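Hi everyone, thanks for coming. I'd like to walk you through one model today, so let's put it up on the screen.

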Amino acid sequence: MIFVLFAIALVLAAVVGYRAVHAGDKAPAVGSAAPDFTLNSQENKPVSLHDFKGKWVVLYFYPKDFTSGCTVEAHNFQRDQAQYDAGNAVVVGVSMQDPDSHQKFCTKEGLSFKLLADTDSHVSSAYDSVMNFGVAKLSARHTFLIDPNGIVQKLYTDVKPEKHSEAVLAALNELQKTAAPR
């Protein structure tokens, strides 16, 4: 009897955990317009998605500054920054920490791209990228590749921080080839 109750509890925990981490049906779909927003950056200055019109945008949501997976992911985006620049793309990170936390993270880790503070979780919610742990909310590790016209071209909800930047660059290159005039 105890084994059955334990098994049921395990299954329920797995379902709740899966739903907390994975995007649902509310995430902007490929082919749809990316929701515009304005958030403060690590410099405490407002940054809007529409500021990047005419550029590709790698909009990545991440749980928390100074954590191992988030640091690896950010380092890899920074490592590949020249390739993003060459592809007319900007990298923009979003999490629920405040601009001060982002500034310290950028300084400590040598990051030059924008990190935006979604302290009220409105933008993470608009992109269906929220992990809700009851008393705590964090941005889920999701990425949206947005074209120069503001249309979502690729969505990543199963992100592996170690290889993510490489996967995004490969998709960016492929999308740019297919979009190029023939």
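Let's start with helix 6, where His 164, Ser 165, Val 168, Leu 169, Ala 171, Leu 172 and Leu 175 are buried. Those residues lie on the same side of helix 6, because the arc they cover around the axis is only 165°. The general background is familiar: an α-helix has 3.6 residues a turn, so residues three or four places apart point the same way. As for its dimensions, helix 6 takes in residues 164-179, 16 residues in total, and spans 22 Å from first C-alpha to last, close to the 22 Å expected.

I should say that this is a predicted model, so please keep that in mind as we go.

What covers the buried residues of helix 6? The cover includes helix 2 (68-79) and helix 3 (81-86), along with strand 3 (56-61), strand 4 (89-95), strand 8 (142-146) and strand 9 (152-156).

Two of those elements deserve a visit. In helix 2 you'll find Glu 73. Is Glu 73 buried or exposed? Its relative accessible area is 1%, which means that Glu 73 counts as buried. Leaving aside residues up to four places away in sequence, Glu 73 touches Tyr 60, Tyr 62, Arg 141, Thr 143, Val 159, Pro 161 and His 164. You've met His 164 already, among the buried residues of helix 6.

Now over to strand 4. Seven of its seven residues are buried. Ala 89, Val 91, Gly 93 and Ser 95 point one way, while Val 90, Val 92 and Val 94 point the other way. That fits the textbook picture, in which the side chains of a regular strand alternate between the two faces of the sheet.

And which strands pair with strand 4? Strand 3 runs parallel to strand 4, with six bridges joining them; Phe 61, for example, has Val 94 as its bridge partner. Strand 5, residues 114-117, also pairs with strand 4 in the parallel sense, over four bridges, and here Val 92 is partnered by Lys 114. Together with helix 4 (residues 99-109), strands 4 and 5 make a right-handed β-α-β unit.

Let me zoom out to finish. The protein chain holds six helices and nine strands, and 45% of its 182 residues count as buried. Among contacts with a separation of 6 or more, 68% are between residues 24 or more positions apart. Finally, the accessible surface comes to about 9700 Å², with 60% belonging to carbon and sulfur atoms.

Thanks, and I'm happy to rotate the model for anyone.

Technical notes: Residues are numbered from 1 along each chain as its sequence is written. This is a predicted model: local features need pLDDT of at least 70, side-chain atom pairs count only at pLDDT 80 or more; totals for chains, interfaces and linings use all residues. Side-chain values use heavy atoms; hydrogens and water are left out. Helices (H or I, at least four residues) and strands (E, at least two) are DSSP runs, numbered from the N terminus. Buried means under 20% relative accessible area, exposed over 50%, partly exposed in between (1.4 Å probe, protein chains only). Contact means heavy atoms within 4.5 Å. Accessible areas come from the Shrake-Rupley method with a 1.4 Å probe; for residues, only the protein chains shown count as cover. The expected span of a helix is 1.5 Å times one less than its number of residues. The arc is that of the directions from the helix axis to the C-beta atoms. Two strands pair if DSSP finds at least two bridges between them. A crossover is right-handed if, with the strands pointing away from the viewer, the path from the first strand over the helix to the second runs clockwise.
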